Amino acid sequence: MPWNSGTKRKKGYILAAGLIILLTAADQLTKVAADRLLKFREPFVILQDIFQLEYLENRGAAFGILQNRQEVFFLITVLALIGLTYLYVRMPATSRYLPLKGCYVLFMAGALGNFIDRVIRGYVIDFFYFKWINFPIFNVADIYVTVAVILLVVLILFYYKEEELNFVGRKK
């Protein structure tokens, strides 16, 4: 049976959903490990004065902003997930858009990973700390989101032409 656009599109959705689930599970497993192995303990030093694993319960966003405002994070996350999924569905089902779809997968996994923490625990578990540059403590979900945003910026600046990104308003 030849592949038609609908079948290809459905398989792409299933693959993306599977990757999001897998990446989100990996994030959650690292947080469970951090909770069990790092909580109430001294930081685990990997490279002296450079990098360590240090448990932190983050009740805010990046760099500690909006502390204890879980309702704000809930609303922002739900709106972002809906909006990004709308854009994902509108993307053409061609290999040209695979990098953009990869950004979607990474961003969704990161957003869901931290969203799960906020809903279940009321805070996000962070544990990677670059002491050398005193960078804020972060987690695997934060890495996904950061990589997705950097990749997205590079793609917009150097890979896609403006007209290739006008798929939102077009009819499918």
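In the predicted model, helix α4 comprises residues 140-158 and contains 19 residues. The distance from its first C-alpha to its last is 27 Å, close to the 27 Å expected at 1.5 Å a residue. Val140, Ala141, Tyr144, Ala148 and Leu155 are the buried residues named in α4. Viewed down the axis of α4, the buried residues fall within an arc of 105°, so they line one face of the helix. Ile150, Leu157 and Phe158 are exposed on the other side of α4. The N-terminal end of α4 is capped by asparagine 139, a side-chain oxygen of which lies 2.9 Å from the backbone nitrogen of alanine 141.

The UniProt annotation "active site", from an unreviewed entry, covers Asp126 and Asp142. Although these residues span 17 residues in sequence, no two of their C-alpha atoms are more than 8.9 Å apart, so they gather at one spot. Aspartate 126 is placed in strand β3 (residues 124-130) and is buried, at 1% relative accessibility. Aspartate 142 belongs to helix α4 and is partly exposed, at 23% relative accessibility.

Residues up to four places away in sequence aside, aspartate 126 touches Glu54, Tyr55, Leu56, Asn58, Ile137, Phe138, Asn139 and Asp142. The asparagine that caps α4 is thus among the contacts of aspartate 126. On the same basis, aspartate 142 touches Asn114 and Asp126.

Alanine 111, in helix α3 (residues 98-120), is buried, with a relative accessible area of 14%. Outside its neighbours within four places in sequence, alanine 111 is in contact with Thr77, Leu81 and Val145. The C-alpha atoms of alanine 111 and valine 78 are separated by 9.2 Å, the two residues being 33 residues apart along the chain.

Terms used: Residues are numbered from 1 along each chain as its sequence is written. This is a predicted model: local features need pLDDT of at least 70, side-chain atom pairs count only at pLDDT 80 or more; totals for chains, interfaces and linings use all residues. Side-chain values use heavy atoms; hydrogens and water are left out. Helices (H or I, at least four residues) and strands (E, at least two) are DSSP runs, numbered from the N terminus. The expected span of a helix is 1.5 Å times one less than its number of residues. Buried means under 20% relative accessible area, exposed over 50%, partly exposed in between (1.4 Å probe, protein chains only). The arc is that of the directions from the helix axis to the C-beta atoms. A polar contact is a pair of N or O atoms within 3.5 Å; within protein, one must be able to donate a hydrogen and the other to accept it, and residues adjacent in sequence count only if both atoms are side-chain atoms. Contact means heavy atoms within 4.5 Å. UniProt positions are given in the numbering used here, feature names are shortened, and annotations may be inferred rather than shown by experiment.
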